[in-house]
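Student: I would like to take a close look at a single part of this structure. Please guide me through it step by step.

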Amino acid sequence: MAHGTLRALIAAVVVFLLNPTFACVSEPEFQYGDAEMRAAVEGTWDATLTFTDGSQRTLNFSFRQATGAATPYSVNPGAVGDQLFVRPAAACGSRVFVRSAAACISVSKMPLTGMFVSGDEAYRTVAISGEMEIPSLIFDERAWLTVDLGEHSLVTQNLSSDGSVSNVTIRQRAGGAILGTATLVRRPAS
């Protein structure tokens with residue numbers, strides 16, 4: 001064995017003995033914060049709901065971040081009930097005895113509170129809330145927005161950092177049955 005290779009091997013063994021979690025501690029960082037999340041969702045939204053029976057409803061509502069900050073955390077996909085685990089400083093030292101696609105997913109969630117502005121009177125007395133979720137360390141088009149309107153939820157699969165959305169479905173909150181499609185557009189800030 002060459003002298004340089006032997007030194008490198010000894011150095012690696014010493015590093016491992018002094019800090020066995022050395023290879024596990026460098027976790028990537030989130031590339032956005034709650035300010036970027038708020039910029040994408042806070043403001044007034046126009047919604048047009050088209051139900052499968054052909055009926056339509058319109059609604060204007062405002063959204064703002066609910067009390068508390070956005071919460072970054074990791075989800076263990078194999079956990080019962082999707083238990084949430086706060087990202088530890090060194091997340092090593094676990095054993096997996098089943099074949100797993102991924103150890104964890106980095107996610108940020110932001111609870112939202114809404115207020116009726118105008119539109120269909122059926123929504124005037126309905127509690128409006130929602131949640132923004134980004135299942136990534138980077139804020140890209142994989143972000144999701146859910147708007148809860150009483151018995152219904154508007155669920156979008158694509159929310160971009162500029163607040164544009166696509167692929168919005170109307171779902172029944174209890175059971176998740178698809179009830180139709182919707183358009184959801186955020187008004188420009190004034």
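Which residue in the turn of the hairpin that β1 and β2 form has a positive phi?

Tutor: This is a predicted model, in which local features need pLDDT of at least 70 and side-chain atom pairs count only at pLDDT 80 or more, while totals for chains, interfaces and linings use all residues. Residues are numbered from 1 along each chain as its sequence is written, and side-chain values use heavy atoms, with hydrogens and water left out. The residue is G54, whose phi is about 95 degrees. Four residues lie between β1 and β2 in this hairpin. Strands here are DSSP runs of E with at least two residues, and helices are runs of H or I with at least four, numbered from the N terminus. The chain has two helices and ten strands, and along the sequence both helices precede the strands.

Strand β1 covers residues 43–51 and β2 covers residues 56–65. They run antiparallel and are joined by eight bridges; two strands pair if DSSP finds at least two bridges between them. Strand β1 is also joined to β10 (residues 178–186), by seven bridges, and this pair too is antiparallel. One residue helps to locate both pairings: W45 stands opposite F61 in β2 and opposite R186 in β10. As a general point, the side chains in a regular strand alternate between the two faces of the sheet. The hairpin can thus be followed from β1, through the turn that holds G54, into β2.
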